[in-house]
Amino acid sequence: MRTLSKNLPSGRKNALEKGIIYQTDGYVSDFDPHQEPGVIREYVVGTRWFHTYQPGPLDMYSKGEYQGSISSPLLTLRTGYLANNNSEAQLTEGCYIQPADKLPGYVLAPDMVERVVPLHVASDITAIDFMRGRDAGFPPYNDYRKFCGMKPAKKWEDLYDTIDKDKVEILSRIYDEVDDLELMVAIYVERFIPGAFLGPTLYCIMVHNLLLWRQSDKFFFEHGGFPAALTIPQLNEIRQTSIARVLCDSGDDVKYIQPAAFFRQGPW
Ligand code: HEM
């Protein structure tokens with residue numbers, strides 16, 4: 001059994017507590033034949049909220065030196081840029097050096113909300129995200145509050161537990177009834193939960209689907225007890241891999257990278 005560090009980043013701690021990942025050298029027996037395999041639409045559409053993390057300019061680096069930036073929408077549908085001037089390698093390096101946008105900012109980068117699809121005169125990624133929620137026909141936010149163990153709101157003030165007062169006030173001017181509030185809109189305005197970089201409802205939806213993926217799949221890589229299961233040594237080799245390793249192996253010119261590639265290089 002590997003030892004658990006006391007100073008785990010809270011995201012990892014949450015994932016361990018929820019049973020999304022396990023700290024073990026053996027198989028994990030969490031297959032549940034009663035779970036139907038699949039992806040819930042709330043996961044696919046809801047995770048578009050991560051557009052809020054996306055800065056407008058993409059920074060390019062070479063050997064740790066800043067080389068310049070390109071507006072992110074300029075690369076939408078225009079991958080030819082990647083073939084020139086080593087830009088693919090420099091954008092790859094930028095991916096693990098550039099920080100996310102200010103969080104929680106509740107304001108998206110202008111490039112993302114004004115011209116995200118450059119072939120259009122104007123396009124707004126948040127408006128598209130809200131629209132996709134309607135396309136999917138999601139029930140109101142209140143239904144998800146119930147699903148996620150919160151009390152459905154009867155009046156606007158009941159939302160204060162998850163959404164700041166100033167935002168609730170704006171919502172109350174836009175919607176006739178609190179029960180009309182849409183899931184995607186609420187996801188965009190919810191406060192972050194402690195120790196995480198997202199609001200409670202998207203967190204609940206993501207945990208639900210991440211568990212579904214592993215529990216509904218008899219052949220999930222950590223499951224044992226079937227002829228084609230990985231051996232324990234194979235399993236533990238795979239467990240040693242990391243996003244830093246993947247970027248080193250497949251990035252064009254990755255020479256140095258922080259071992260936890262989703263964390264910023266220090267000092268912050
Ligand atoms: C360069 C920055 C980015 C641009 C220009 C961009 C643009 C887009 C566009 C145009 C769509 C499709 C909208 C439609 O339905 O018509 C989309 C979908 C999506 N984006 Fe982004 N995005 C960016 C970054 C991100 C990031 C950083 C994340 C998450 C970490 C993300 C997550 C998603 C998801 C989950 C979808 C839905 C995919 C699906 O329906 O299968 N995007 N994005």
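Is arginine 115 buried, partly exposed or exposed? Let me begin there, because with a relative accessible area of 34% arginine 115 counts as partly exposed, and its partner in a salt bridge, aspartate 111, with the closest N and O atoms 3.5 Å apart, is buried at 18% relative accessibility. Please keep in mind that everything I describe today comes from a predicted model.

Let me step back to the whole chain for a moment. The protein chain has 268 residues, of which 40% count as buried, and its C-alpha atoms fill a box of roughly 60 × 50 × 35 Å along the principal axes. If you follow the chain from the N terminus, you pass two helices, then two strands, and after those you meet helices up to the end, which gives 11 helices and 2 strands in the chain. Among the contacts with a separation of 6 or more, 60% are made by residues that stand 24 or more positions apart.

Now back to the salt bridges, of which the model has 15. As general background, side chains of opposite charge can pair when their charged atoms come close. One of these bridges joins arginine 214 to aspartate 30, with 2.7 Å between the closest N and O atoms. Arginine 214 sits in helix 9, which covers residues 200–215, whereas aspartate 30 belongs to the loop between helix 1 and helix 2, so this pair ties together parts of the chain that are 184 residues apart in sequence. Both ends of the bridge are buried, since arginine 214 has a relative accessible area of 2% and aspartate 30 has one of 10%.

A useful contrast is the bridge between arginine 173 and glutamate 169, where the closest N and O atoms are 3.7 Å apart. These two residues both lie in helix 7, residues 165–174, and because they are 4 residues apart there, about one helical turn separates them. Here arginine 173 is exposed, at 62% relative accessibility, while glutamate 169 is partly exposed, at 48%. Returning to the earlier pair, Asp30 and Arg214 belong with Glu222 and Arg239 to one network, joined by salt bridges that share partners.

Let me turn to the ligand. Which residues are closest to the ligand, among the 13 that surround it? They are Arg48, His51, Gln54, Ser72 and Arg132. By type, the residues of this shell divide into 6 nonpolar, 5 polar and 2 charged, and the element that gives the most to the shell is helix 5, residues 125–135, with 3 residues.

Some of the distances here are worth following on the structure. Arginine 132 has a polar side-chain atom 2.6 Å from an oxygen atom of the ligand, and arginine 48 has one 3.0 Å from an oxygen atom of the ligand. For histidine 51, a polar side-chain atom lies 2.8 Å from a nitrogen atom of the ligand.

I would like to finish with histidine 51, which an unreviewed UniProt entry annotates as "binding site". Histidine 51 is found in the loop between helix 2 and strand 1, and at 23% relative accessibility this residue counts as partly exposed. Apart from its neighbours within four places in sequence, histidine 51 is in contact with Leu108, Met112, Ile125, Asp129 and Tyr188.

Definitions and conventions. Residues are numbered from 1 along each chain as its sequence is written. This is a predicted model: local features need pLDDT of at least 70, side-chain atom pairs count only at pLDDT 80 or more; totals for chains, interfaces and linings use all residues. Side-chain values use heavy atoms; hydrogens and water are left out. A salt bridge is a side-chain nitrogen of Lys or Arg within 4 Å of a carboxyl oxygen of Asp or Glu. Buried means under 20% relative accessible area, exposed over 50%, partly exposed in between (1.4 Å probe, protein chains only). UniProt positions are given in the numbering used here, feature names are shortened, and annotations may be inferred rather than shown by experiment. Contact means heavy atoms within 4.5 Å. A residue is near a molecule or strand if one of its heavy atoms lies within 4 Å of it. A polar contact is a pair of N or O atoms within 3.5 Å; within protein, one must be able to donate a hydrogen and the other to accept it, and residues adjacent in sequence count only if both atoms are side-chain atoms. Ala, Val, Leu, Ile, Met, Phe, Trp, Tyr, Cys and Pro count as nonpolar, Asp, Glu, Lys and Arg as charged, and the others, Gly among them, as polar.
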